[in-house]
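Me: I have a structure open and would like to go through it with you. Can we begin at the surface and then work inwards?

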Amino acid sequence: MDSEYNYDIIIVGAGPAGLSAAWAAAKNGVSVAVLEREEAIAQSIRTSGVTWITDAESFGIPSDYYNPIRNYSFYSPNNQVTIHGTEYQAAVLDVRRTYQFLAYQAASVGADIFVRTNVTSPIINERGKLIGVKATSLKDELIFRSKIVIDASGFYSVIGKSLGTVSQWKRFGVGAEYEAYVENVDQETWSLMVGQQYSPAGYAWIFPLGKNKARIGIGVGKPESQADPMQQLLELVTKKPGPIGQLGKITPIEFHYGLIPNEGLTHTTIDDNLMLVGDAAGQANPLVLEGIRYAIEFGRKAGQIGAQAIIKGDTTKESLKPYEDMCKKTIGSKIKAAIKIQSRWLNLTDEEWDREIEIISELSSEEFLDFVRADFSMSNMLHLATHHPKLAVRQLFAIVKDIPKMS
């Protein structure tokens, strides 16, 4: 026999986007349920946890939930540069603790969370309108009726694709990573490695989590490469090229695997009674394959705007449009610019990467961070175009916007 539940908002997926949406919606006075297919929040980790300290602080994430970073090393096959910062600006999150922090935050304002609950399909009424979702929990069939469904199910966009609102991503990144005990690691420095020996179309990384603890991973761009990132990762920790060799003995503790969209905000993020957020909406920065800050920020916006629509009694696409407009205005052009840079990077040869490292070495830590954060504001680009002595630097950033190239 089916069990039925009624809520104002049903959220599919208890990642950072879904949990943040739940918190914001419940705070705005509507009833909320989050449906998570795994047995625990963050049971499986699908992200390396890179984010930025200013964002973490603005979201209220405690400082002991992340390892601060202030130095940034780049390795190509025959070149290396380290950009030293005076302040800690980047962070590597303890992902499991962070997600569970967000879950407790949502629960504290009244959101219900159902773990081990797998959403199978949307519920459509006789007028063709979305009115909830069907799910399974163990052997039970569950029905969740709602006024709005927020799809925060990640890369696979479970509800959005079922309804035909979105289609399968054609360009995406696939990441494989070990969280490991290592003998030696610089806790203040992350390392990014490029070139064929690291990744045929992407990059490898070392993200320190603290003393003797690091995430070692590889990302591969699809469809540019058919390489298996899991096999590439095994080869990296076995052969230990470049900075991986400096880690000493590597003892894997966890394995992480994930997919991240790499097309920008090309899909619609709303329909009648439907909102998409996080990876389900393409809200990810392709340069370093990070999207947690976007997931939390726009999850909160989705929850807030969805709740306001319910209170007004209008959950049509037109009523939800401020959410989509805000997303496009805030990050739409930035992600498009980042995709231009990434598309160029995916096709570089080892020799070209060696020269690219020289370009990167010209940047200050602030300029470098604006770059990898995809903070391509016009003021930042004009500054870079006019203040760097090397034409190559200006040409690199001219890819992003039509900036005058000065000789």
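Reply: In this predicted model, M230, F255 and Y257 form a nonpolar patch on the surface, and together they have about 260 Å² of accessible area.

Me: Where does M230 lie, and is M230 buried, partly exposed or exposed?

Reply: M230 lies in helix α5, which covers residues 229-239, and with a relative accessible area of 36% M230 counts as partly exposed, because that class lies between the 20% limit for buried and the 50% limit for exposed residues.

Me: OK, inwards now. How many residues has the largest nonpolar core, and which have the most contacts inside it?

Reply: The largest nonpolar core has 56 residues, and those with the most contacts inside this core are I11, I61, I150 and Y323. Its largest share, 10 residues, comes from helix α6, residues 292-312.

Me: And what is I11 in contact with, leaving aside neighbours within four places in sequence?

Reply: With those neighbours left aside, the contacts of I11 include I150 and A152, along with G18, A21, A22 and the residues V32, A33, V34 and L35. There is also a second, separate core of 34 residues, with V81, V194, V288 and F368 among them.

Me: Changing topic, what is the mean pLDDT, and where is it under 50?

Reply: The mean pLDDT of the protein is 90, with 92% of residues at 70 or more. The value stays under 50 over residues 391-395, a stretch that has 14 contacts beyond four places in sequence in the model, and pLDDT is also below 50 over residues 399-407, where the model has 25 contacts beyond near neighbours in sequence. Where pLDDT is low, predicted coordinates should not be read in detail.

Definitions and conventions: Residues are numbered from 1 along each chain as its sequence is written. This is a predicted model: local features need pLDDT of at least 70, side-chain atom pairs count only at pLDDT 80 or more; totals for chains, interfaces and linings use all residues. Side-chain values use heavy atoms; hydrogens and water are left out. A nonpolar core is a set of buried Ala, Val, Leu, Ile, Met, Phe, Trp, Tyr and Cys residues joined through side-chain atoms within 4.5 Å. Buried means under 20% relative accessible area, exposed over 50%, partly exposed in between (1.4 Å probe, protein chains only). Helices (H or I, at least four residues) and strands (E, at least two) are DSSP runs, numbered from the N terminus. Contact means heavy atoms within 4.5 Å. pLDDT is the predictor's confidence in each residue, from 0 to 100. Patches are made of residues with over 30% relative accessible area and no salt bridge: like charges are joined within 9 Å, nonpolar side chains (Val, Leu, Ile, Met, Phe, Trp, Tyr) within 5 Å. Accessible areas come from the Shrake-Rupley method with a 1.4 Å probe; for residues, only the protein chains shown count as cover. A salt bridge is a side-chain nitrogen of Lys or Arg within 4 Å of a carboxyl oxygen of Asp or Glu.
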